Amino acid sequence: MIKEYSTTEFKEKYTDKSVDKANLFHPGYEDFFCLRIEDISAYATIPVPPSKEKSHSIIYITNGTYTFKKGNKTYHINANEFIVVPAGEVFSIDAIADNLKGFTVHFSPTYFIDSVSVISVLSNFEFLLPFTNSHFISITDKALVLNIFERLSTLYIESVETNTALITTYILALLYELKKEYVHLKPHNSTAYEALSHQFKQALFQNLKKLHRTSEYASLLKISPNHLNKVLKATTNKSPKQWVNETLILEAKYLLHQTNLNINEIAHELGFDDPSYFTRLFRKIENVTPTGYKNMIEKS
């Protein structure tokens, strides 16, 4: 089974221990960091075998060519090109060229949780979902994008904790710039499986609080539950039930951050008839109860 790493676990596994002396990872890096590739690559332990991370990465190359494998496809990212690696996507790195320069922005899927619903982020920026085309060949406004990365780098160095609002604003600005380019990347001749997978995700984000069963989404898409399961397993490596449950818990975390609703009220808001089942599902996915998670928020 391919291991899925937290940011801290990945740092400890695939960077040299001397990286701590370089003072590249500041307090709060578990939720967000922006580093120059030429700074971090000196400490990288290469190769990185097929792995997953629990956070999103956006890589922007300003010099050289970055050869990178995402899923089963090898990408060659040149100057003024991006690649987005969504949380949960399988990737591997065989080598890093000596002349490679650029930026890597890394952020948790819940980093926006104090200001923007996770569902809103995922429905607006499809390229943050695994198994989507996320190699951006070129960016129209290179100067603007470079300025965003420079600003994110500065804010990260200053303080992740005190600059959260500004960092969130700049990340969202970057995502909207990428979204403009992403529209042109979407293939007009996508396969029937890819089209159905996209339709399922859109239906999920629109009906999450009302529909929890695979059969309900299959009915919406006018296909059988077995076929929907086959399509999603082939295109995303997840079952419809996994998509529904994980998305529900992401939204629950947002409500725990953003509202004063109690656990029973959140369960009701998300369409659960049985609050105890909601609590069990939350614990199964997060390894902590909703109450425990709320306590962690209050202490932080």
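1. Start with H9 and H12, which are oblique to each other, because their axes cross at roughly 45° and angles count as oblique when they are neither under 35 degrees, over 145, nor from 65 to 115. Keep in mind as you look that this is a predicted model. H9 covers residues 240–258 and H12 covers residues 290–299, and their axes come within 10 Å. The crossing is right-handed.

2. Now for the side of H9 that faces H12. Lys-253, Leu-256 and His-257 are the H9 residues here, and they meet Pro-290, Tyr-293, Lys-294 and Ile-297 of H12. Sorted by type, the residues of this contact come out as 4 nonpolar, 1 polar and 2 charged.

3. H9 also packs on H6 (residues 192–207), at an angle of about 35° and with the axes 11 Å apart. This crossing, too, is right-handed. From H6 come Phe-200, Lys-201, Leu-204 and Phe-205, and they meet Pro-240, Trp-243, Val-244 and Thr-247 in H9. The split for the H6 contact with H9 is 6 nonpolar, 1 polar and 1 charged.

4. Then have a look at H7, residues 214–221, where Tyr-217, Ala-218 and Leu-221 are the buried ones. These three sit on the same side of H7, because they cover an arc of only 100° around the axis. What do the buried residues of H7 pack against? Their partners are H6, H8 (225–236) and H9.

5. One last thing to check by eye: Lys-222 follows H7, and its phi is positive, near 60°.

Key. Residues numbered from 1 in each chain as written. Predicted model: local features only at pLDDT ≥ 70, side-chain atom pairs only at ≥ 80, totals over all residues. Heavy atoms only, no water. Axes fitted to C-alpha atoms, helices over the stretch in contact; angles between N-to-C directions. Helix = DSSP H or I, 4+ residues; strand = E, 2+ residues; numbered from the N terminus. Left-handed = near helix turned anticlockwise from the far one by under 90°. Contact = heavy atoms within 4.5 Å. Nonpolar A, V, L, I, M, F, W, Y, C, P; charged D, E, K, R; others polar. Buried < 20%, exposed > 50% of the residue type's maximum accessible area, 1.4 Å probe, protein only. Arc of directions from axis to C-beta.
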